[in-house]
Amino acid sequence: MKTAIFIKLLENNTKIQQIETAELKAIVKEFPYFQPARALYLKGLKNLDSFKYNNELKVTAAYTTDRTILFNYITSFETVIKNTTIIPEKVIEKNASETIEIAATSKTPIERAVLGDLEIGKPLSFAPNENHSFNQWLQLSIKKPIVRTKREEIKKIPDKESLIDQFIENKPKIAPLEKGKIYTTVVDENRQDAALMTETLAKVYLEQKKYENAMQAYKILSLKYPEKSGFFADQIKSIQILQKNKL
């Protein structure tokens with residue numbers, strides 16, 4: 001990529017097309033900590049409506065020192081990420097011949113219809129007031145289980161009788177509450193707050209395959225926006241089809 005082209009992209013003086021996006025991908029691959037290039041690559045994917053955008057947003061967040069700047073950038077795509085990073089000449093002058101891969105699809109008609117209705121894979125668009133939804137997207141959707149051998153499982157899992165004996169030996173006592181002291185109730189972090197619920201957050205749950213959360217989100221949205229209750233009901237039905245067919 002030529003230096004002049006990169007600067008124009010950085011100054012938001014020209015739209016990022018497919019060829020520029022491919023060249024930016026090559027730069028990011030060779031220099032993963034080059035944040036301005038990452039920001040522009042992300043913008044290019046969004047311009048192309050690429051299915052790679054959502055995952056790349058997580059990757060970019062991992063390499064970004066200040067996620068607030070990233071959030072402001074993606075919600076406006078007018079505030080260009082500029083910091084004290086010096087642009088290496090060899091990065092800018094590097095020629096890239098890579099092209100954006102198009103994912104091959106071999107979905108059944110039902111899968112295509114449902115995924116199309118739910119817009120799964122479509123780039124997420126966060127509004128400036130959706131910081132909560134943005135943070136939810138950056139969280140890991142699935143926690144990997146710890147794999148243990150059968151010998152380890154047998155060794156580490158105590159039987160019920162030993163647990164009961166240990167409990168009795170310790171003679172646990174519940175301390176009485178102090179008078180006059182104010183106690184707070186711990187709120188479940190997984191509880192969905194209606195005030196924070198948005199359609200984007202519902203889509204975040206869908207992309208993370210948290211189908212129960214997504215359906216609950218659409219139920220809350222139906223109460224918040226009754227004029228769109230029919231649309232939200234259709235979304236819930238589509239999610240139920242996903243669950244039934246284990247898509």
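The protein chain exposes about 17000 Å² of surface, and carbon and sulfur atoms supply 55% of that area. Keep in mind as you look around that this is a predicted model. Of the 247 residues in the chain, 33% count as buried.

Stepping back to the overall fold, you will find 13 helices and zero strands, so the pattern along the sequence is simply one α after another. How do the parts of the chain meet? Among contacts with a separation of 6 or more, 70% are between residues 24 or more positions apart.

Let's turn to the aromatic rings, where the count comes to six pairs. One of them joins Tyr-33 and Tyr-63: the ring centres are 4.9 Å apart and the planes meet at 75 degrees, so this pair is edge-to-face. It links distant parts of the chain, since Tyr-33 lies in the loop between α2 (18–30) and α3 (35–47), while Tyr-63 belongs to helix α4 (residues 53–63), 30 residues apart. The two partners also have their own surroundings: Tyr-33 is exposed, with a relative accessible area of 64%, and Tyr-63 counts as partly exposed at 25%.

Tyr-63 leads us on to Arg-38, because the two are in contact within the 4.5 Å heavy-atom cut-off. Arg-38 sits in helix α3 and has a relative accessible area of 5%, so this residue is buried. Leaving aside neighbours within four places in sequence, Arg-38 also touches Val-28, Pro-32, Glu-56, Val-59 and Thr-60.

Elsewhere, Phe-71, Phe-126 and Phe-134 come together as one aromatic cluster. Rings also meet charges in this model. Lys-46 lies over the face of Tyr-53, 5.2 Å from the ring centre. In another such arrangement, the charged end of Lys-58 is placed over the ring of Trp-137, at 4.4 Å from its centre.

Our last stop is Ile-236, found in helix α13 (residues 229–245). Is Ile-236 buried or exposed? With a relative accessible area of 12%, Ile-236 falls under the 20% cut-off and is therefore buried. Apart from neighbours within four places in sequence, the contacts of Ile-236 are with Met-215, Tyr-218 and Lys-219. You can also look from Ile-236 to Tyr-211: they are 25 residues apart along the chain, and their C-alpha atoms are separated by 9.1 Å.

Terms used. Residues are numbered from 1 along each chain as its sequence is written. This is a predicted model: local features need pLDDT of at least 70, side-chain atom pairs count only at pLDDT 80 or more; totals for chains, interfaces and linings use all residues. Side-chain values use heavy atoms; hydrogens and water are left out. Rings of Phe, Tyr and Trp (its six-membered ring) pair if their centres lie within 6.5 Å; planes under 30 degrees apart count as stacked, over 60 as edge-to-face and the rest as tilted. Helices (H or I, at least four residues) and strands (E, at least two) are DSSP runs, numbered from the N terminus. Buried means under 20% relative accessible area, exposed over 50%, partly exposed in between (1.4 Å probe, protein chains only). A charge sits over a ring if NZ of Lys or CZ of Arg is within 6 Å of the ring centre and within 35 degrees of the ring normal. Accessible areas come from the Shrake-Rupley method with a 1.4 Å probe; for residues, only the protein chains shown count as cover.
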